[in-house]
Amino acid sequence: MQLAFFFRSVFGRRVAQAFLAALVWSNATSAMARQADIGYLDDFLASLNTYQAEFVQTQPDESTFSQHRSEGHFVLERPGLLKWVYESPTPQTIVVDGQNVWIWDKDLDQVTVQALNELERDFPLSWLLYDAPLTERFTIIAGSVKDGVHWFNLAPREGTFFQSLEIALDEKGRLVQLWMYQSSDNVTKVRFENIEQNQPVSMDQFQFEPPKGVDVLGLE
């Protein structure tokens with residue numbers, strides 16, 4: 001199953017009981033490793049205006065006991081605008097237009113829409129959309145610096161769809177990896193490539209119009 005990383009599972013079923021925020025720190029700091037500075041993460045967020053990259057996502061496939069791989073691209077403009085496109089193996093587009101979240105499943109010929117404020121807490125990238133202090137929503141733990149990559153763990157202060165996030169910033173202050181833990185053995189890993197940070201992006205791509213003839217779920 002593709003993750004629809006942010007929202008598909010949340011649309012399909014609301015979590016009955018929130019996971020306890022657990023610190024699953026796979027990038028454990030060794031005695032010789034330099035500890036990351038939380039100020040490095042703060043600087044990244046303070047300077048972030050736009051972000052675009054290609055991504056490779058892997059996650060456990062429970063049906064085959066293997067790793068499911070997806071590829072696509074991601075564009076962000078602060079505040080509140082995002083587009084996440086799965087190009088393979090199953091096409092899917094997710095657009096956040098500042099108010100609503102749209103998911104277009106091409107294979108199903110179906111669009112789902114829901115208000116962003118109803119999903120924001122469970123959305124693993126909502127911390128990127130706005131400039132509110134991370135400490136309002138997360139307990140932040142600085143991990144190690146390995147090969148110039150700074151690792152941080154974000155544990156939600158309130159129950160969410162995910163237990164914790166791991167974030168990796170490179171030596172240029174760019175987001176290069178994001179890991180989402182739903183449990184200790186269910187980890188979705190996203191690696192970003194060909195990154196362009198704080199470069200102009202087209203605003204048109206954050207405006208979503210359902211294709212003619214598709215079923216639209218969620219609109220009154």
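**Figure 1. Asp-147 sits in the loop between β8 and β9.** This close-up comes from a predicted model. Asp-147 is not a glycine, yet its phi is positive, near 55°. Its relative accessibility is 82%, so Asp-147 counts as exposed.

**Figure 2. Asp-109 is another loop residue with positive phi, here about 55°.** Asp-109 lies between β6 (100–105) and β7 (110–115). Like Asp-147 in the previous view, Asp-109 is not a glycine. Its relative accessibility is 40%, so Asp-109 counts as partly exposed.

**Figure 3. Strand β10 is largely enclosed by the rest of the structure.** The strand spans residues 164–169. Six of its six residues are buried, so the rest of the structure largely encloses β10. In a regular strand, side chains alternate between the two faces of the sheet. In β10, Ser-164, Glu-166 and Ala-168 point one way. Leu-165, Ile-167 and Leu-169 point the other way. Both sets are buried.

**Figure 4. Strand β10 pairs with β9 and with β11.** Strand β9 (residues 149–156) runs antiparallel to β10, and five bridges join the two. Leu-154 stands opposite Leu-165 of β10. Strand β11 covers residues 175–183. Its pairing with β10 is also antiparallel, over six bridges. Here Ile-167 has Leu-178 of β11 as its bridge partner. A hairpin links β10 and β11, with five residues between them. Gly-173, in the turn, has a positive phi of about 75°.

**Figure 5. Helix α2 has a buried side and an exposed face turned away from that side.** The helix spans residues 38–47, and its buried residues are Leu-41, Phe-44 and Leu-45. They cover an arc of only 90° around the axis, which puts them on the same side of α2. Asp-43 and Ala-46 are exposed on the face turned away from the buried side. Cover for the buried residues comes from elements including α3 (126–129), β8 (138–146) and β12 (186–197). Strands β9, β10 and β11 are also among the covering elements. At the N-terminal end, Asp-37 caps α2. A side-chain oxygen of Asp-37 lies 2.8 Å from the backbone nitrogen of Gly-39.

**Figure 6. The largest nonpolar core holds 49 residues.** In soluble globular proteins, nonpolar side chains tend to be buried together. Within this core, Phe-74, Trp-84, Trp-127, Leu-128 and Phe-192 touch the most other members. Strand β11 supplies the largest share of the core, six residues. A second, separate core has six residues, among them Val-95, Trp-102, Val-111 and Val-113.

**Figure 7. Contacts of Phe-74, leaving out residues up to four places away in sequence.** Phe-74 touches Tyr-51, Gln-52, Ala-53 and Phe-55, among others. Leu-82, Lys-83 and Trp-84 are also among its contacts. So are Leu-125, Leu-128 and Phe-192.

**Figure 8. Lys-83 is a buried lysine in strand β4.** Its relative accessibility is 19%, under the 20% limit for a buried residue. Lys-83 and Thr-93 are ten residues apart in sequence. Their C-alpha atoms lie 7.3 Å apart. Not counting residues up to four places away in sequence, Lys-83 touches His-73, Phe-74 and Val-75, among others. Its contacts also include Thr-93, Ile-94 and Val-95. Gln-205 and Phe-206 are further contacts of Lys-83.

**Figure 9. Cis peptide bonds precede Pro-79 and Pro-89.** The bond from Arg-78 to Pro-79 has omega near 0°. Pro-79 is in the loop between β3 (66–77) and β4. The bond from Ser-88 to Pro-89 likewise has omega near 0°. Pro-89 is in the loop between β4 and β5 (92–97).

**Figure 10. Confidence varies among the elements of the chain.** The protein chain has an average pLDDT of 85, and 82% of the residues score at least 70. Strand β4 (residues 81–88) has the highest mean among the elements, 97. Helix α1 (residues 8–12) has the lowest, 45. Across residues 5–32, pLDDT is below 50. Beyond near neighbours in sequence, this stretch still has 85 contacts in the model. Where pLDDT is low, the predicted coordinates should not be read in detail.

Note on methods:
Residues are numbered from 1 along each chain as its sequence is written. This is a predicted model: local features need pLDDT of at least 70, side-chain atom pairs count only at pLDDT 80 or more; totals for chains, interfaces and linings use all residues. Side-chain values use heavy atoms; hydrogens and water are left out. Buried means under 20% relative accessible area, exposed over 50%, partly exposed in between (1.4 Å probe, protein chains only). Helices (H or I, at least four residues) and strands (E, at least two) are DSSP runs, numbered from the N terminus. Two strands pair if DSSP finds at least two bridges between them. pLDDT is the predictor's confidence in each residue, from 0 to 100. Contact means heavy atoms within 4.5 Å. The arc is that of the directions from the helix axis to the C-beta atoms. A polar contact is a pair of N or O atoms within 3.5 Å; within protein, one must be able to donate a hydrogen and the other to accept it, and residues adjacent in sequence count only if both atoms are side-chain atoms. A nonpolar core is a set of buried Ala, Val, Leu, Ile, Met, Phe, Trp, Tyr and Cys residues joined through side-chain atoms within 4.5 Å.
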